[in-house]
Amino acid sequence: MTTRSLETLYGQLLAAYGPQGWWPLLDHRGANPTRSGALTGYHPGRYDYPRTAEQRFEICVGAILTQNTAWPNVEKALLALQRAGALSLPGLEALGEAELLTCIRPSGYYRAKARKLREWSRFCRLTGEATPSREALLGVWGIGPETADSIRLYAYGLPEMVVDTYTRRVLAGLGHLPRAAGYDEVKALCIRGLPPDAMVYQEFHALMVEHAKRFYRRGTPADPLRFGDA
DNA sequence: AACCAGGACGTGA
DNA sequence: TCACGTCATGGT
């Protein structure tokens, strides 16, 4: 098992791919895309997002819609919601059920996700501007560990490590994971190996996704970081 | 044309 | 706890 530290791995990935500009936003420059695939929402090197309550809400909605779902599908749903004026708390609450289902259908699991968005809206209305604790988020139906951590890290800028299947896949491939580890165990491993900084956490997570997409998809070459330096 | 994507919940053992 | 089924559309 390699002894390369996570911090070194982080530095290598950052040098190779550069800042990833997560979390993507539809309207971070006042742009108003009407079709999917624009992918204009990344803001590499900027860590002062979200800048508005609407952007924060958009990130939370995206975090829910992207559960086990490819981002382009989520983007379609987000664009539909934006056009319907539903990418805000009052906007989403005012949206009818049929319209909601239509908007988010491209993101898959649309009936379950519609309920999750309703539950999230209710939670937002009840908690107001207060920063939600991890425990409070986990108490919301439809929000599990990764979604809760994504909301805290990307929507609130808190130093909350996010672990997803990509992260697990890369760390397992590099030999950093002793066995089939659970979410909290992998999370603890990542926290142990990196400085407790929200910007680092954001980049690390996004870089792991990028690296996994390049080297941990079936039919892709072996990870060049797997061998070579110890 | 199968396979899978930036998970979470409900159930039974 | 834990393994397994379910939820569902769209891209490769």
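How far is a phosphate oxygen of DNA strand C from an N or O atom in the side chain of Lys 76? In this predicted model, the two atoms are 3.0 Å apart, which falls inside the limit for a polar contact (a pair of N or O atoms within 3.5 Å; within protein, one must be able to donate a hydrogen and the other to accept it, and residues adjacent in sequence count only if both atoms are side-chain atoms).

Before we go on, here is how to read the values. Residues are numbered from 1 along each chain as its sequence is written, while chains are lettered from A and ligands numbered from 1 in the order in which they are written. Because the model is predicted, local features need pLDDT of at least 70 and side-chain atom pairs count only at pLDDT 80 or more, whereas totals for chains, interfaces and linings use all residues; side-chain values use heavy atoms, with hydrogens and water left out.

## Around the DNA

Backbone atoms also reach the phosphates of DNA strand C. A backbone N or O atom of Arg 111 lies 2.7 Å from a phosphate oxygen of the strand, and one of Ala 112 lies 2.9 Å from a phosphate oxygen. Helix H3 (71-83) and helix H6 (110-127) are the elements that give two or more residues to the surface near DNA strand C. Helices here are DSSP runs (H or I, at least four residues; strands are E, at least two), numbered from the N terminus. H6 gives the most, with three residues.

The full set around DNA strand C is Asn 68, Asn 73, Lys 76, Arg 105, Pro 106, Gly 108, Tyr 109, Tyr 110, Arg 111 and Ala 112, where near means that one of a residue's heavy atoms lies within 4 Å. Of the atoms of DNA strand C that come within 4 Å of the protein, sugar and phosphate account for 55%. By class, this surface has four nonpolar, three polar and three charged residues; Ala, Val, Leu, Ile, Met, Phe, Trp, Tyr, Cys and Pro count as nonpolar, Asp, Glu, Lys and Arg as charged, and the others, Gly among them, as polar.

## Salt bridges

Side chains of opposite charge can pair when their charged atoms come close. The structure holds eleven salt bridges, each being a side-chain nitrogen of Lys or Arg within 4 Å of a carboxyl oxygen of Asp or Glu. Three of them are listed here.

| Salt bridge | N to O distance |
|---|---|
| Arg 125 and Glu 93 | 2.6 Å |
| Asp 149 and Lys 187 | 3.2 Å |
| Glu 160 and Lys 187 | 2.7 Å |

The side chains of Arg 125 and Glu 93 meet in a salt bridge. This pair links distant parts of the chain, with Arg 125 in helix H6 and Glu 93 in helix H4 (residues 89-94), 32 residues apart. Arg 125 is partly exposed at 46% relative accessibility, and Glu 93 is partly exposed at 34%. For these labels, buried means under 20% relative accessible area, exposed over 50%, and partly exposed in between (1.4 Å probe, protein chains only).

Which partners does Lys 187 meet? One is Asp 149. Since Asp 149 lies in helix H8 (residues 145-155) and Lys 187 in helix H10 (residues 183-193), the pair ties together parts that are 38 residues apart in sequence. The other partner is Glu 160. Glu 160 sits in the loop between H8 and helix H9 (165-173), so its pairing with Lys 187 in helix H10 ties together parts that are 27 residues apart in sequence. Glu 160 is buried, with a relative accessible area of 11%, and Lys 187 is buried at 7%. Salt bridges that share partners join Arg 134, Asp 149, Arg 152, Glu 160 and Lys 187 into one network.

## Pockets

On a 1 Å grid over the protein atoms alone, a pocket is an open set of points with protein on both sides within 12 Å along at least five of seven lines, and lining residues have an atom within 4 Å of a point. Grid points are joined across faces, edges and corners, and a volume is the space filled by probe spheres set on the points.

The largest pocket has a volume of about 720 Å³. Its lining has 28 residues, of which Thr 66, Asn 68, Thr 69, Glu 146 and Asp 164 lie nearest its centre. H8 supplies the largest share of that lining, four residues.

Terms used:
1 Å grid on protein atoms, 1.4 Å probe; cavity = no way out; pocket = protein on both sides within 12 Å on 5 of 7 lines; lining within 4 Å.
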